[in-house]
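Q: Please take a close look at one part of this protein and then place that part within the whole. I would like a connected account rather than a list.

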Amino acid sequence: MAPSEQNEDCTGGLTPEQLESYRNDGYLIILDALDASTTTSLLQETKNMLSSFSVDDHPMTKFSTGDNNNAHVGDDYFLTSGDKIRFFFEEDAFDSTTGALLKPKHRAINKIGHYLHALNTAFRESTLNPFNAGVARSLGFQDPRVLQSMIICKQPEIGGKVPPHQDSTFLYTNPPSAVGFWIALEDATAENGCLSFAKGSHRRSPVMNRFVRKQNGEGTEFVDVEGAQFSADIEVEEEAREEEMYAMAEVKAGTLVLIHGNLLHKSEKNLSRKSRFIYTFHVIEGENDYDEKNWLQPPPNGFSMMYQ
C-alpha cells in the first residue's frame with residue numbers, strides 16, 4: 001500500500017498516520033470510504049439524472065477546462081449554477097463543423113453541478129454527514145463550508161483531458177483553504193482517465209492566479225492573486241520545481257481522495273469504452289475571506305455548514 005493510500009476507519013476523523021501522509025503528499029487515498037450499496041445507489045441516481053434532464057430548453061453549454069486554447073466556461077447558465085443542479089456538455093460531444101450533438105444526452109454530459117449537496121437527498125447525505133465532518137475537523141477546519149458539489153462523468157471515448165491545476169485557483173479564499181473530497185463512483189483507471197498527482201507540490205507551488213467573474217459581469221477570466229498564495233497549515237518549501245513529476249492514482253469505486261487546494265493534479269482524456277463517474281465536493285474555511293470576485297457566489301443562506 002502506497003504512503004498516501006489508507007483504509008483505516010475515519011469515522012472519528014483521520015488517524016495521525018493519515019494526517020501526516022496528507023500533509024506531506026498533499027493528497028490522501030482512503031479506501032472503501034463509501035460502502036458498495038451507497039456507491040451503487042449514487043451511481044444509479046446519477047444515471048437517472050442523466051436520462052431525465054431535458055435538452056429542449058437547455059442552452060447546450062459546454063464545459064471547457066481551458067485546455068487547447070479554448071476559453072473556460074463562463075456563460076450565465078454556468079455563473080448562476082451555484083444554487084442549482086445543471087448539466088454541462090462535453091466539448092467533443094458536438095460536431096465541430098455543424099454543432100450537432102453526436103452522442104445521446106446521457107453519454108454527452110461532462111459534469112452535473114453545483115448544488116447537489118443541498119438539493120439532492122442522496123448526495124446531501126453523502127456530503128453533510130459525521131464522517132466528512134470528522135475528516136474536516138482532523139484537517140483543522142474551524143468552520144468548514146461546502147461551497148460546490150459536482151458529478152464528473154468522464155464519458156467513454158470523449159471524456160475531456162484536464163490539464164494540471166490547483167483547486168484553490170477556482171475557489172480562492174485569503175489565505176487559500178480549499179480541500180477537495182473526490183469520491184469514485186466507478187473504478188478509475190489509467191485507461192479511463194484516473195487522476196495523477198504531483199506529490200508534495202502543495203508545499204512548493206503557490207496559487208498565482210484565480211478564476212473570477214469579469215468586472216462587467218459578463219463571463220470569466222483569470223487574474224493575479226493579490227493575497228496569500230499558500231494555505232496557513234503547511235510549511236512552504238523555498239524552491240519550486242521547474243517540472244513536476246506526476247504519479248497516476250488508480251482507485252476502486254467507493255474510494256475517497258482528499259486533495260489539498262494547492263496540489264497540482266490532472267487527468268488524461270478517456271479514450272476507453274468505460275466511463276469514469278465520480279462525485280466531488282469542495283470545502284473552504286468559513287472564517288477566511290471569500291470575496292465577490294470569485295465566479296461562484298454564495299446562495300442567500302450562505303455556503304453549507306459541515307458542523308451541525
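A: In this predicted model, a good place to begin is Gly-26, which follows helix 1 and has a positive phi, near 90 degrees. The helix that precedes Gly-26 runs over residues 16-25, and its buried residues are Gln-18, Leu-19, Ser-21, Tyr-22 and Asp-25, where buried means under 20% relative accessible area. These buried residues cover an arc of only 160 degrees around the axis, which puts them on the same side of helix 1. The general background is that an α-helix has 3.6 residues a turn, so residues three or four places apart point the same way.

Turning from this part to the whole, the protein has 6 helices and 15 strands, and buried residues make up 54% of its 308 residues. Its radius of gyration is 18 Å, which agrees with the value near 19 Å that a compact globule of 308 residues would have, while the C-alpha trace spans about 55 × 45 × 40 Å along the principal axes. Of the contacts between residues at least 6 apart in sequence, 80% join residues at least 24 apart.

As for the outside of the protein, the accessible surface comes to about 14100 Å², and 46% of that surface belongs to carbon and sulfur atoms. The charged side chains comprise 28 positive and 45 negative ones, and the centres of these two sets lie 5 Å apart.

Conventions
Residues numbered from 1 in each chain as written. Predicted model: local features only at pLDDT ≥ 70, side-chain atom pairs only at ≥ 80, totals over all residues. Heavy atoms only, no water. Helix = DSSP H or I, 4+ residues; strand = E, 2+ residues; numbered from the N terminus. Rg over C-alpha atoms; globule rule 2.2 N^0.38 Å. Buried < 20%, exposed > 50% of the residue type's maximum accessible area, 1.4 Å probe, protein only. Contact = heavy atoms within 4.5 Å. Areas by Shrake-Rupley, 256 points an atom, 1.4 Å probe, with all protein chains shown as cover. Lys, Arg positive; Asp, Glu negative; His and termini not counted. Charge placed at Lys NZ, Arg CZ, Asp CG, Glu CD. Arc of directions from axis to C-beta.
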